[in-house]
Amino acid sequence: MGKDVIIACDFNSKEETLAFLDKFSGKKPYVKIGMELFYAEGPAIVRALKERGHQIFLDLKLHDIPNTVKKAMAVLSRLDVDMVNLHAAGTRAMMEGALEGVTRPDGSRPLVIAVTQLTSTSQERMAEELLIPTPIDETVMHYAANAAQAGLDGVVCAPLEAGKVHQRCGEGFLTITPGIRFADGEKGDQVRVTTPAQAKELGSDYIVVGRPITQAADPVAAYQRCVKEFVG
Ligand code: C5P
């Protein structure tokens, strides 16, 4: 599995997304389509970007009863996306249902990645609102192990957690890592940030990069800088 840079296309319209991607005349970058763009434009945006030759991580974070997730995953896999995700909190039964649903008649399927605990959830909220008193990093690793046990391909995590995830779930278990910033860049609302080069050293398999590329004066140069630092 090759390391790659995934651009988070956090736009809310097809026009804005295509105007941004039109700047890339050479290699078509791997892109992430999240809820904002998908709910605004529907499956058509996925088909449009596929036709243009992009690999797609469809970041919809499914979480429902196993049967519903299985059927929803079957529909998403027909869009020919390359990576999809779900919440590990949905249990192993839900993750197994997802894998079953996402597998195409020819046996191929997109990579299926789990979200463990959202980084927006603090230890206090976990304990007080969700009644989960376990230290949050222990919960994260336990959810990752559940995902591996269910047969998933990897998790979304911070680059600093990539080593621990690989140790617990195996070197082949993928780590998809956001929170990436250039050494000389703005942090924005990300708290713990890592450069693409550090993410490589820490063992990330894919980095997800949004604003450092989408808001750059020269997005193509910023993307190429990420690729150079991360892939080499
Ligand atoms: O603009 P930025 O590089 O911060 O974008 C990072 C992308 O990764 C966004 O799409 C964000 O929603 C996503 N993400 C994240 N942190 C997580 C999970 C996903 O930043 N823990």
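Modeller: A residue counts as near a molecule if one of its heavy atoms lies within 4 Å of it. The model under discussion is predicted.

Biologist: Which residues are around the ligand?

Modeller: The residues around the ligand are Ala8, Asp10, Lys32, Thr119, Pro178, Arg181, Gln190, Val208, Val209, Gly210, Arg211 and Pro212. Each has a heavy atom within 4 Å of the ligand, and is therefore part of its shell.

Biologist: What makes Asp10 a polar contact of the ligand?

Modeller: A polar side-chain atom of Asp10 is 2.8 Å from a ligand oxygen atom. The limit for a pair of N or O atoms is 3.5 Å, so the Asp10 pair qualifies. For Arg181, a polar side-chain atom is likewise 2.8 Å from an oxygen atom of the ligand, and for Gln190 the distance is also 2.8 Å. Taken alone, the ligand exposes 460 Å², of which the protein buries 79%.

Biologist: What makes up the shell by class, and why is Gly210 called polar?

Modeller: The shell has five nonpolar, three polar and four charged residues. Gly is among the residues counted as polar, so Gly210 belongs to that class.

Biologist: Which elements each supply at least two residues of this shell?

Modeller: They are strand S8 (206–209) and helix H10 (211–214).

Biologist: Where does the ligand sit, and how do you know?

Modeller: The ligand sits in the largest pocket. That wording requires more than half of the ligand's atoms to lie within 2 Å of the pocket's grid points, so the ligand fulfils this condition.

Biologist: How much space lies in the largest pocket, and which residues are the closest to its centre?

Modeller: The largest pocket holds about 1,300 Å³ of space. It is lined by 41 residues, and those closest to its centre are Thr119, Val156, Pro178, Gly179 and Gln190. Its lining divides into 18 nonpolar, 12 polar and 11 charged residues. Among the elements giving at least two residues to that lining are helix H7 (136–150), helix H8 (159–169), S8 and H10.

Biologist: What volume has the second largest pocket, and why is Arg225 called a lining residue?

Modeller: The volume is about 230 Å³. Arg225 is one of the residues lining the second largest pocket, which means that an atom of Arg225 lies within 4 Å of one of its points. Arg181, Arg211 and Pro212 also line the second largest pocket, and these three are around the ligand as well. H10 and helix H11 (219–230) each give two or more residues to this lining.

Biologist: What is the make-up of that lining by class?

Modeller: The lining of the second largest pocket has three nonpolar, two polar and six charged residues.

Terms used:
Residues are numbered from 1 along each chain as its sequence is written. This is a predicted model: local features need pLDDT of at least 70, side-chain atom pairs count only at pLDDT 80 or more; totals for chains, interfaces and linings use all residues. Side-chain values use heavy atoms; hydrogens and water are left out. A polar contact is a pair of N or O atoms within 3.5 Å; within protein, one must be able to donate a hydrogen and the other to accept it, and residues adjacent in sequence count only if both atoms are side-chain atoms. Accessible areas come from the Shrake-Rupley method with a 1.4 Å probe; for residues, only the protein chains shown count as cover. On a 1 Å grid over the protein atoms alone, a cavity is a set of points where a 1.4 Å probe fits but cannot get out, and a pocket is an open set with protein on both sides within 12 Å along at least five of seven lines; lining residues have an atom within 4 Å of a point. Helices (H or I, at least four residues) and strands (E, at least two) are DSSP runs, numbered from the N terminus. Grid points are joined across faces, edges and corners, and a volume is the space filled by probe spheres set on the points.
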